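Please follow the explanation below with the sequence and the structure side by side, moving from one group of side chains to the next and then to the chain as a whole.

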Amino acid sequence: MATTIEKKAKTRFKVIGRKDGLVDQVVQAIEAQILSGRLAMGARLPAERDFSERLGVSRPVVREAVRILTTRGLLDTRHGIGTTVRAVSRDEVVKPLTLFLRARGEEIGIQHLHQVRSSLEVENAGLAAEHGTDGDVEDLRRICREMEAASADPAEFSIKDSQFHRRLSEATHNPLLILLLASIHDMMREVRTLVANHSGLCERVMPTHLRILESVAAHDAAGARASMREHLEIALAIQTELVQKQKQVTAAE
């Protein structure tokens, strides 16, 4: 007996025309249903034979389309279960960007990161002030307290610093901005490792973190943007200073 999902699929998918690029057409048809939400996460696709008949294409075409969508992380095929729609995780979106840049041999310098962070994080702080909830503010306060408590532990302080920026992005309640900033924060891991051992790091960056927090709590968007802009300038100064020292040490060896 056909399941509810299979019955709905009969009306969702139309017969694919018999032309070149059948696999691409099937991929696009399934992908469109997933991205539009008409095929929900966990929904099971019809059996291969049934699916190919509904689409008017051969089983190998359907099989190849499913393989492509599986490699893209949109579908999951398991023996005894069939093919289902996967939930796309943050890492599946963020990691390919980092790998793509490295595969192309693109060197991401601190100036590149600063320019992008200035474009995204300044506005992010303003939006967090406009849309942040009491729960968001409380979490940011907790993380700031944990940052201050970790002032003597560079590695832990760096982790909490990253958590602050990530939680600030979540306070915007803008899923696209959260995703974009997550990709930037992942690229900054090496920079954070370098900066973590800078003497007096907490004393130099903690004041601006606290000003950002208070601006968000007061729903002061202009103040939050100004504080974030100041914070990023301080961060750039520290990063530049440490990179120069590293180059001097390398040159002396």
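In this predicted model, a network of salt bridges links eight side chains, namely Asp 136, Asp 139, Arg 142, Glu 146, Glu 156, Lys 160, Arg 167 and Glu 170. One member of the network, Arg 167, belongs to helix α8, which covers residues 154-170. Is Arg 167 buried or exposed? Arg 167 counts as buried because its relative accessible area is 14%, and the cut-off for a buried residue is under 20%. When neighbours within four places in sequence are set aside, the residues in contact with Arg 167 are Gly 135, Asp 136, Asp 139, Leu 140 and Ile 143. Asp 136 and Asp 139 thus appear both among these contacts and among the members of the salt-bridge network.

Helix α8 also packs against another helix. The partner is α6, formed by residues 110-131, and the axes of the two helices lie 8 Å apart at an angle of about 60 degrees. That angle makes the arrangement of α6 and α8 oblique, and the crossing of the two helices is left-handed. Which residues meet where α6 and α8 come into contact? From α6 there are Arg 117, Glu 121, Asn 124, Ala 125 and Ala 128, and these meet His 165, Leu 168 and Ser 169 of α8. By character, the residues of this contact divide into three nonpolar, three polar and two charged.

The network around Arg 167 is one part of a wider set of ionic pairs. As a general point, side chains of opposite charge can pair when their charged atoms come close. Across the whole structure, a search finds 19 salt bridges. Among them is the pair formed by the side chains of Arg 59 and Glu 48, with a distance of 3.0 Å from N to O. This pair links distant parts of the chain, since Arg 59 lies in helix α4 (residues 59-71) and Glu 48 in helix α3 (residues 48-55), eleven residues apart. Glu 48 also forms a salt bridge with Arg 63, and there the closest N and O atoms are 2.8 Å apart. Arg 63 is likewise in helix α4, and its pairing with Glu 48 in helix α3 spans 15 residues of the sequence. How exposed are the side chains that share this site? Arg 59 counts as partly exposed because its relative accessibility is 33%, Glu 48 is partly exposed with a relative accessible area of 25%, and Arg 63 is partly exposed at 45%.

A further salt bridge joins Glu 241 to Arg 204, where the closest N and O atoms are 3.6 Å apart. Glu 241 lies in helix α12 (residues 221-252) and Arg 204 in helix α11 (residues 201-217), so this pair ties together parts that are 37 residues apart in sequence. Glu 241 is partly exposed, with a relative accessible area of 31%, and Arg 204 is partly exposed as well, with a value of 32%.

Two loop residues deserve a look at the backbone. In general, most residues other than glycine have a negative phi. His 173, however, has a positive phi of about 60 degrees although it is not a glycine, and this residue lies in the loop between α8 and α9, the latter covering residues 175-187. A positive phi is also found at His 219, where the value is near 55 degrees, and His 219 sits in the loop between α11 and α12, the two helices that hold Arg 204 and Glu 241. His 173 is partly exposed, with a relative accessible area of 48%, and His 219 counts as partly exposed at 46% relative accessibility.

These details can now be placed within the whole chain. The protein has twelve helices and two strands, and from the N terminus on its elements run α-α-α-α-β-β-α-α-α-α-α-α-α-α. Of the 253 residues in the protein, buried residues make up 42%. What share of the contacts with a separation of 6 or more comes from residues 24 or more positions apart? Such residues account for 71% of those contacts in the protein.

Terms used:
Residues are numbered from 1 along each chain as its sequence is written. This is a predicted model: local features need pLDDT of at least 70, side-chain atom pairs count only at pLDDT 80 or more; totals for chains, interfaces and linings use all residues. Side-chain values use heavy atoms; hydrogens and water are left out. A salt bridge is a side-chain nitrogen of Lys or Arg within 4 Å of a carboxyl oxygen of Asp or Glu. Helices (H or I, at least four residues) and strands (E, at least two) are DSSP runs, numbered from the N terminus. Buried means under 20% relative accessible area, exposed over 50%, partly exposed in between (1.4 Å probe, protein chains only). Contact means heavy atoms within 4.5 Å. Axes are lines fitted to C-alpha atoms, for helices over the stretch in contact, and angles run from 0 to 180 degrees between N-to-C directions. Angles under 35 degrees count as roughly parallel, over 145 as roughly antiparallel, 65 to 115 as roughly perpendicular and the rest as oblique. A crossing is left-handed if the near helix is turned anticlockwise from the far one by less than a right angle, and right-handed if clockwise. Ala, Val, Leu, Ile, Met, Phe, Trp, Tyr, Cys and Pro count as nonpolar, Asp, Glu, Lys and Arg as charged, and the others, Gly among them, as polar.
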